[in-house]
Structure formats: structure tokens, C-alpha cells
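Visitor: I am new to this structure and should like to understand the terms used to describe it. May I put some questions to you?

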Amino acid sequence: MFRDLNPDMIKIACKSNTFQDWLNLFKLYKLNGPKKILFGMGTKGFPSRLLSLQEGAPWMYATHSLNQPNAPGIPTLNKINRLYSLKTLSEKTKIYGDR
């Protein structure tokens, strides 16, 4: 269906109740086709917002202030700039964590 529309990009954002939810979503990055922005929303989806850049998403979404969040789990620009080195993130970046 989407192929008929010939999109330049596809964005899928959905609520993640578990880490596995967004890990399953990330399998779509391996498919050929247009650029993709895929991430999970909510507390469990937060890591996917950052890691989507490693998977090839051209950008990520953030908010200016937590007083005006526009999506569940969305980080602030301040938090992103303070805590994460997104400019150095690449396919060689090692990710550590516990499910």
C-alpha cells in the first residue's frame, strides 16, 4: 500500500509497553525502501528515540520544556544535550543495558 504512494520517508511512533515492543519495531529498519523514523513512546520506548538515530533515522523528536510535553516519553533538548553524545552515535557505538 505505502509503496504505491512512493513516500520519501515513513514515520511510525507507537506506545511501547516493553523494551521488546520497540525492538520488534526496529526490525523494519532492515527493510529496503524510503528512510524511516521508528520509535516507541512512553517510558519503555525512550531508548528507542535515541537509538533510532543509530539505525538511520535522519532526526529524533524532542521538546523544549517538560511543562509542555507533546508526546509520552519525549526528552527535552536540554536533557539530550547534557546527557547524550548524539553527534558521536554511529553503527559502531556499543549499547549496554538490561531488559
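The conversation below concerns the aromatic rings and their surroundings in this predicted model.

Visitor: How many aromatic pairs does a search of the whole structure find?

Guide: The search finds four aromatic pairs.

Visitor: Why is the pair of F39 and Y61 called tilted?

Guide: The ring planes of F39 and Y61 stand at 45 degrees, with the centres 5.8 Å apart. Pairing requires centres within 6.5 Å, and planes neither under 30 degrees nor over 60 degrees apart count as tilted; therefore this pair is tilted. The pair links distant parts of the chain, 22 residues apart: F39 is in strand 2, and Y61 is in the loop between helix 3 and helix 4.

Visitor: What makes F39 buried or exposed?

Guide: F39 has a relative accessible area of 5%. Buried means under 20%, so F39 is buried.

Visitor: Why does Y61 count as partly exposed?

Guide: The relative accessible area of Y61 is 30%. Partly exposed lies between the limits of 20% and 50%, so Y61 belongs in that class.

Visitor: How do you know that the charged end of K11 sits over the ring of Y61?

Guide: The charged end of K11 is 4.5 Å from the centre of that ring. The distance limit is 6 Å, and the charge must also be within 35 degrees of the ring normal; K11 is listed as sitting over the ring of Y61.

Visitor: Which residues form a nonpolar patch on the surface?

Guide: M9, W59 and Y61 form this patch, with about 260 Å² of accessible area together. M9 lies in strand 1.

Terms used: Residues numbered from 1 in each chain as written. Predicted model: local features only at pLDDT ≥ 70, side-chain atom pairs only at ≥ 80, totals over all residues. Heavy atoms only, no water. Patch = residues over 30% accessible without salt bridge, like charges linked within 9 Å, V, L, I, M, F, W, Y side chains within 5 Å. Areas by Shrake-Rupley, 256 points an atom, 1.4 Å probe, with all protein chains shown as cover. Salt bridge = Lys/Arg side-chain N within 4 Å of Asp/Glu carboxyl O. Helix = DSSP H or I, 4+ residues; strand = E, 2+ residues; numbered from the N terminus. Phe/Tyr/Trp six-rings, centres within 6.5 Å; stacked < 30°, edge-to-face > 60°. Buried < 20%, exposed > 50% of the residue type's maximum accessible area, 1.4 Å probe, protein only.
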